[in-house]
Amino acid sequence: MKTLQTTFFLFVFVPLVNSAPPIQQESLQFYDYDTDVTMGSLIQQDYDMQSKDIRKDETNISLDTSLRLQGDDSERNVPPTKDTNLPTCLLCVCLSGSVYCEEIDIEAVPPLPKETAYLYARFNKIKRIAVSDFADITTLRRIDFSGNRIEEIEDGAFSKLLLLEELSLAENRLMKLPVLPPKLTTFNANQNRIKSRGIKANAFKKLTNLAYLYLGHNALESVPLNLPESLRILHLQYNNITTITDDTFCKSNNTRYIRTRMDEIRMEGNPIQLAKHVNAFSCLRTLPVGTYY
């Protein structure tokens, strides 16, 4: 029975399988071949067109670049005018009335934008300050020249700065002080080479707003005269001060006089024994910091 079933299966189905045409296989081979040819020609045409466009673009780019470079050269050769603020604000940072020119090795005060209120030019190589540096900038309120090489300041350099409140000349090479503007509240000339003869007798007398005066680490032989009543902090440490009089801080002809605003006087590091000049401090609420033995 099994033999008859097998014979019947072979007789019916094998001829059908052998006679079936390989349609799918042939159609796939034909389709792949036609697609390869067609797509290949399209890709080649697209590549040729892109190559032409790229060559054209490269020509335009090279021409445009050369023109730009020529334009840049011409602009670079034009010297900056004195009226423009661009060179200073490229060299320094200009922000909301403040100019920051710190640690950029400038050797002179740069032209400042008008309406400059705050100038920070610390740690540069500035050697001299002239009247012309601030002749047109009357809006300044704060100037910081700390850490430069300033040896000379013309007397009229700050005369037009009627709004200036804070001035720092610390860590320079000054041997004398210039005429200071009248509204100063803070003046710092620490670490210079200033001697007593480099400070005029009335240098601070008219500075009725001066509250903070820093003259430490200089070469002063005596305390500056005519210190204003507004003074709160006075630093004179590490100078060559050898003497003090009864009128240095107080008034010898007025025993009731008291310096009510003076909070601190530093005099350590000077070759003077403060205990020998007790009457010189009678008007002070606190004794100066220094040597008393």
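**Exercise 1. Place leucine 95: in which strand is it found, and is it buried or exposed?**

Step 1. Leucine 95 is found in strand β1, residues 93–95. Strands are DSSP runs of E with at least two residues, numbered from the N terminus. This is a predicted model, in which local features need pLDDT of at least 70, side-chain atom pairs count only at pLDDT 80 or more, and totals for chains, interfaces and linings use all residues. Residues are numbered from 1 along each chain as its sequence is written, and side-chain values use heavy atoms, with hydrogens and water left out.

Step 2. Leucine 95 has 53% relative accessibility and counts as exposed. Buried means under 20% relative accessible area, exposed over 50%, and partly exposed in between (1.4 Å probe, protein chains only).

Step 3. Look at the nonpolar patch on the surface. Leu95 forms it with Val93 and Tyr100, and together they have about 280 Å² of accessible area. Patch members have over 30% relative accessible area and no salt bridge; nonpolar side chains (Val, Leu, Ile, Met, Phe, Trp, Tyr) are joined within 5 Å, like charges within 9 Å. The areas come from the Shrake-Rupley method with a 1.4 Å probe; for residues, only the protein chains shown count as cover.

**Exercise 2. Describe the pair of tyrosine 100 and tyrosine 120: what are its distance and angle?**

Step 1. Count the pairs. The structure holds four aromatic pairs. Rings of Phe, Tyr and Trp (its six-membered ring) pair if their centres lie within 6.5 Å; planes under 30 degrees apart count as stacked, over 60 as edge-to-face and the rest as tilted.

Step 2. Tyrosine 100 and tyrosine 120 are stacked, with 5.0 Å centre to centre and 10° between the planes.

Step 3. Tyrosine 100 lies in strand β2 (residues 98–100) and tyrosine 120 in strand β3 (residues 118–120), so the pair ties together parts 20 residues apart in sequence.

Step 4. Tyrosine 100 is partly exposed at 33% relative accessible area. Tyrosine 120 is buried at 13%.

Step 5. Compare with phenylalanine 134 and phenylalanine 145. This aromatic pair is tilted: 6.3 Å centre to centre, 45° between the planes. Phenylalanine 134 sits in the loop between β4 (128–129) and β5 (142–144), phenylalanine 145 in the loop between β5 and β6 (152–153), eleven residues apart. Both of these phenylalanines, 134 and 145, are buried. With Phe158, Phe134 and Phe145 form one aromatic cluster.

**Exercise 3. Trace the salt bridges: how many does the structure hold?**

Step 1. The structure holds eleven salt bridges. Each is a side-chain nitrogen of Lys or Arg within 4 Å of a carboxyl oxygen of Asp or Glu.

Step 2. Take arginine 141 and glutamate 165. Their closest N and O atoms are 3.7 Å apart. Arginine 141 is in the loop between β4 and β5, glutamate 165 in the loop between β6 and β7 (166–168), 24 residues apart. Arginine 141 is partly exposed at 34%, and glutamate 165 is partly exposed at 32%.

Step 3. Take lysine 200 and aspartate 155. The closest N and O atoms of this salt bridge are 3.6 Å apart. Lysine 200 is in the loop between β8 (186–188) and β9 (212–214), aspartate 155 in the loop between β6 and β7, 45 residues apart. Lysine 200 is exposed at 51%; aspartate 155 is partly exposed at 38%.

Step 4. Arginine 266 and glutamate 268 meet at 2.3 Å, N to O. Arginine 266 is partly exposed at 25%, whereas glutamate 268 is buried at 16%.

Step 5. Find the network. Salt bridges that share partners join Glu102, Arg122 and Asp144.

**Exercise 4. Assign the disulfides: which cysteine does cysteine 92 join?**

Step 1. A search of the whole structure finds three disulfides. Each is a pair of cysteine sulfur atoms within 2.5 Å.

Step 2. Cysteine 92 joins cysteine 101, S to S 2.0 Å. The torsion about this S-S bond, between cysteine 92 and cysteine 101, is about 110°, so the disulfide is right-handed. Cysteine 92 is buried at 4%, and cysteine 101 is buried at 0%.

Step 3. Cysteine 89 joins cysteine 94, S to S 2.1 Å. The torsion for cysteine 89 and cysteine 94 is about -95°, so that disulfide is left-handed.

Step 4. Cysteine 250 and cysteine 283 have sulfur atoms 2.0 Å apart. Their link, between cysteine 250 and cysteine 283, is left-handed, with -85° about the S-S bond. Both cysteine 250 and cysteine 283 are buried.

Step 5. Number the bonded cysteines in sequence order. The pairing is 1-3, 2-4, 5-6.

Note on methods
Helices (H or I, at least four residues) and strands (E, at least two) are DSSP runs, numbered from the N terminus.
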